[in-house]
Amino acid sequence: MVWVGRDHLVPAPDFSHLRSPFRVIVLGDAAVGKSSLLRCFAEGPAGGVATPCPTVGVEFYSRTVPLSPTGRAKLQLWDTAGQERFRSITRSFYRSAAGVLLVFDLTNRASFERVPEWHREVGGDPHPPAFVLVGHKCDLVAERAVSAEEAGHLATTLGMVAFVETSARSNLNVELAFQTLPLPAPLRA
Ligand code: GDP
């Protein structure tokens with residue numbers, strides 16, 4: 001299930017401080033499936049390059065994606081590994097992010113309850129990025145611990161543009177989660 005709501009009510013983020021390639025960050029607790037989601041997207045049908053960069057404590061992926069019928073934009077995806085010791089390094093990445101996928105595990109309630117904390121971590125910036133809330137591992141239907149209504153409500157409360165349920169295992173909605181981000185109009189073909 002995908003909940004895409006109130007996007008017309010959320011003010012368009014200010015992208016004037018950003019330059020292409022736009023940076024999209026994947027955040028969330030450890031083991032929620034961030035790396036799997038990224039790999040699934042980066043190696044998806046439209047092609048891409050996955051380049052791990054372990055020395056800086058993040059995995060780095062780069063992919064050019066279509067953002068409109070006429071243009072494409074290069075997205076840089078950073079998986080910050082969700083680890084405390086990388087916080088000071090990763091905070092500087094947040095500053096120029098155009099969009100954030102904030103991921104929790106639909107079968108792990110604690111990861112959902114940490115979402116507001118992750119949101120605060122990034123949202124304090126003078127130019128907060130656009131957020132999409134991602135409920136991952138939706139293939140594990142029997143183990144589900146968070147309802148779509150609850151997650152949708154939290155996304156609305158935090159001013160996010162959407163809540164999307166994904167599965168890397170079943171390749172469900174992975175492209176959609178990224179494409180739901182209201183990124184700047186592409187500058188380069
Ligand atoms: P990260 O620490 O957030 O980057 O999480 P990982 O991508 O390493 O995934 C953590 C665990 O969740 C691994 O055992 C994955 O195989 C599993 N996982 C990742 N995505 C999915 C998914 O869509 N469905 C299911 N059932 N398991 C997943």
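This section describes the fold of a protein chain and the surroundings of its ligand in a predicted model.

The protein chain contains six helices and eight strands. Read from the N terminus, these elements follow the order β-β-α-β-β-β-α-β-α-α-β-α-β-α. Of the 189 residues in the protein chain, 48% are buried. When contacts between residues at least 6 apart in sequence are considered, 73% of them join residues at least 24 apart. The protein chain has an accessible surface of about 8,800 Å², and carbon and sulfur atoms account for 55% of this area.

The ligand is surrounded by 16 residues, of which A31, S35, S36, D139 and A168 are the closest. By class, this shell is made up of six charged, five polar and five nonpolar residues. Helix α1, which spans residues 34–42, supplies the largest share of the shell, with three residues.

Polar atoms of the protein approach both oxygen and nitrogen atoms of the ligand. In the side chain of S35, an N or O atom lies 2.6 Å from an oxygen atom of the ligand. At G33 the backbone is involved, with an N or O atom placed 3.0 Å from a ligand oxygen atom. For D139, the distance between a polar side-chain atom and a nitrogen atom of the ligand is 2.7 Å. The ligand taken alone exposes 580 Å², and 72% of that area is buried by the protein.

Methods:
Residues are numbered from 1 along each chain as its sequence is written. This is a predicted model: local features need pLDDT of at least 70, side-chain atom pairs count only at pLDDT 80 or more; totals for chains, interfaces and linings use all residues. Side-chain values use heavy atoms; hydrogens and water are left out. Helices (H or I, at least four residues) and strands (E, at least two) are DSSP runs, numbered from the N terminus. Buried means under 20% relative accessible area, exposed over 50%, partly exposed in between (1.4 Å probe, protein chains only). Contact means heavy atoms within 4.5 Å. Accessible areas come from the Shrake-Rupley method with a 1.4 Å probe; for residues, only the protein chains shown count as cover. A residue is near a molecule or strand if one of its heavy atoms lies within 4 Å of it. A polar contact is a pair of N or O atoms within 3.5 Å; within protein, one must be able to donate a hydrogen and the other to accept it, and residues adjacent in sequence count only if both atoms are side-chain atoms. Ala, Val, Leu, Ile, Met, Phe, Trp, Tyr, Cys and Pro count as nonpolar, Asp, Glu, Lys and Arg as charged, and the others, Gly among them, as polar.
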